[in-house]
Amino acid sequence: MEESLTSKRSVTVADVARAANVSKATAARVLGGYGVVSDRVREQVLAAATALEYRPNELARSMTTGKSGIIGVVVGDIENAFFSLAVRGISDVARMAGFNVIIANSGEEIEAEKSAVDLLIGKRVDGLIVTPARCDRMEHLQDIRRVGVPLVLFDRTIPELGVDAVTGDDFDAAASATRHLIAMGHRRIAYISAMDAESEFLDDISSISNSAVRERVEGALREQANAGIEEARHYVRLGATDQPKTDGVVERLLQDAAPPTALIASDSLVGLRVFKSLQTLGLSIPRDISMISFLDADWTTVTTPPITVIDQPVYEMGKEAAERLISRLSGKDIPIGRATIKTSLIPRGSVASLSRSDH
């Protein structure tokens with residue numbers, strides 16, 4: 001029995017054609033989804049394919065039709081709930097439209113992203129959805145355009161690239177979180193990001209290579225400037241890429257001569273790390289320090305207290321990215337642009353109200 005299983009060969013289009021009593025060309029048209037055949041012949045071929053457990057050779061199909069039926073997706077960090085939800089939205093739309101999805105994880109590393117793009121192009125994907133690790137390095141993304149593969153950017157935008165992008169309203173989201181903290185009496189507000197950088201201190205906003213991070217920092221700083229808060233940039237910290245580094249960032253902030261009274265975490269992974277850092281230091285939220293995190297991740301509702309969050313409709317963002325790409329693949333003539341998905345603040349128990357004497 002074992003020998004017969006290992007020696008069993010793949011079922012070919014010719015096998016299906018023979019079983020359906022049609023020509024190989026006719027069977028290929030039905031199985032490849034191109035050309036014209038009668039309903040009776042189609043049913044005949046599909047029944048034979050099912051009976052023989054035929055599995056299509058995707059490479060052969062792409063060489064015949066010019067279409068692989070595959071969408072490639074490159075995300076920054078699949079461990080991050082943000083990207084997991086986005087991929088689910090992309091996959092659901094793709095499946096309904098008859099596409100399969102191949103997912104690659106860049107780990108927010110530009111070289112890994114380039115390798116993933118090369119691999120997916122080599123697999124003849126019909127289109128790509130990419131979260132660029134850096135918005136100032138786009139040679140490989142320009143190559144995608146040059147080979148004629150439709151591209152949609154996700155979560156980040158590169159206007160000069162001239163392709164569709166689907167993002168959150170990052171500037172407004174950070175401004176909303178900051179405004180909420182200011183309304184609760186906070187004047188020293190830290191913003192903590194996982195973006196890797198040579199220094200954890202922010203010297204020049206324009207040097208931030210991640211457009212989402214840059215717009216969020218701009219939103220937070222603009223709102224503080226409008227409220228007459230000085231030295232706001234001093235409390236922006238980068239490089240919270242893992243737990244030890246986040247512990248260091250939080251400890252140095254709290255050892256400052258004028259420590260922050262509130263923290264904004266740039267995403268849910270950073271938020272969870274910050275929460276753990278505060279726990280390790282024996283600090284109580286919001287009695288000792290207030291906190292807001294981006295993304296309504298599961299962990300934010302089971303902590304004590306539950307965490308105030310910026311709710312990002314990430315599943316819908318993923319769906320929108322896939323719908324835009326599939327519209328391009330189907331030849332629809334739609335303007336290239338950036339779709340900005342609105343976020344909302346969900347107040348919970350992690351922000352304390354401060355009086356002037358608490359500052």
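I'll start with one residue: Ile-326 is buried, with a relative accessible area of 15%. The cut-off for buried is under 20%, so 15% qualifies. Keep in mind throughout that this is a predicted model.

Ile-326 sits in helix α13, residues 314-329. Setting aside neighbours within four places in sequence, Ile-326 is in contact with Ile-71, Val-93, Ala-94, Ala-97 and Phe-99. For a sense of distance, take Arg-146: Ile-326 is 180 residues from Arg-146 in sequence, and their C-alpha atoms are 19 Å apart in space.

Ile-71 leads us to the interior. Which residues have the most contacts inside the largest nonpolar core? They are Ile-71, Ile-129, Phe-154 and Ile-192, in a core of 45 residues. Ile-129, not counting residues up to four places away in sequence, touches Ile-71, Gly-72, Val-73, Val-74, Ile-90, Val-152, Phe-154, Ala-321, Ala-322 and Leu-325. There is also a second, separate core, with 25 residues, including Ala-173, Ile-189, Ile-208 and Leu-221.

Now the overall picture. The chain has 359 residues, and 49% of them count as buried. Its secondary structure comes to 13 helices and twelve strands. Along the principal axes, the C-alpha trace spans about 90 × 50 × 35 Å. Of the contacts with a separation of 6 or more, 69% are between residues 24 or more positions apart.

Next, helix α10, residues 211-226. With 16 residues, α10 reaches 22 Å from first C-alpha to last, close to the 22 Å expected at 1.5 Å a residue. At its start, a side-chain oxygen of Asn-210 comes to within 2.9 Å of the backbone nitrogen of Ala-212. Just after α10, Gly-228 takes a positive phi of about 75 degrees. The buried residues of α10 include nonpolar names such as Val-213, Val-217 and Leu-221, but also Glu-215, Arg-216, Glu-223 and Gln-224. What covers the buried residues includes α9, β6, β7, β9 and β11.

Glu-215 and Ser-211, both buried residues of α10, come up again at Thr-157. That residue is in the loop between β4 and β5. Is Thr-157 buried or exposed? Thr-157 is buried, with a relative accessible area of 10%. Leaving aside neighbours within four places in sequence, its contacts are Cys-135, Ala-165, Thr-167, Ser-211, Glu-215 and Arg-338.

A second helix for the same checks is α11, residues 243-254. Twelve residues at 1.5 Å each should span 16 Å, and the end C-alpha atoms are 16 Å apart, so the two agree. Asp-242 caps the N-terminal end of α11, with a side-chain oxygen 2.9 Å from the backbone nitrogen of Lys-245. Thr-246, Gly-248, Val-249, Val-250 and Leu-253 are buried in α11. Their cover includes β6, β7, β8 and α12.

Last, the pocket. The largest one has a volume of about 730 Å³. It is lined by 32 residues, and the closest to its centre are Glu-108, Ala-194, Met-195, Asp-196 and Asn-210. Asn-210 is the residue we met at the start of α10. Which elements give two or more residues to the lining? Those are α6, α10 and α12. The most comes from α12, with four residues.

Key
Residues are numbered from 1 along each chain as its sequence is written. This is a predicted model: local features need pLDDT of at least 70, side-chain atom pairs count only at pLDDT 80 or more; totals for chains, interfaces and linings use all residues. Side-chain values use heavy atoms; hydrogens and water are left out. The expected span of a helix is 1.5 Å times one less than its number of residues. Buried means under 20% relative accessible area, exposed over 50%, partly exposed in between (1.4 Å probe, protein chains only). Contact means heavy atoms within 4.5 Å. A polar contact is a pair of N or O atoms within 3.5 Å; within protein, one must be able to donate a hydrogen and the other to accept it, and residues adjacent in sequence count only if both atoms are side-chain atoms. A nonpolar core is a set of buried Ala, Val, Leu, Ile, Met, Phe, Trp, Tyr and Cys residues joined through side-chain atoms within 4.5 Å. On a 1 Å grid over the protein atoms alone, a cavity is a set of points where a 1.4 Å probe fits but cannot get out, and a pocket is an open set with protein on both sides within 12 Å along at least five of seven lines; lining residues have an atom within 4 Å of a point. Grid points are joined across faces, edges and corners, and a volume is the space filled by probe spheres set on the points.
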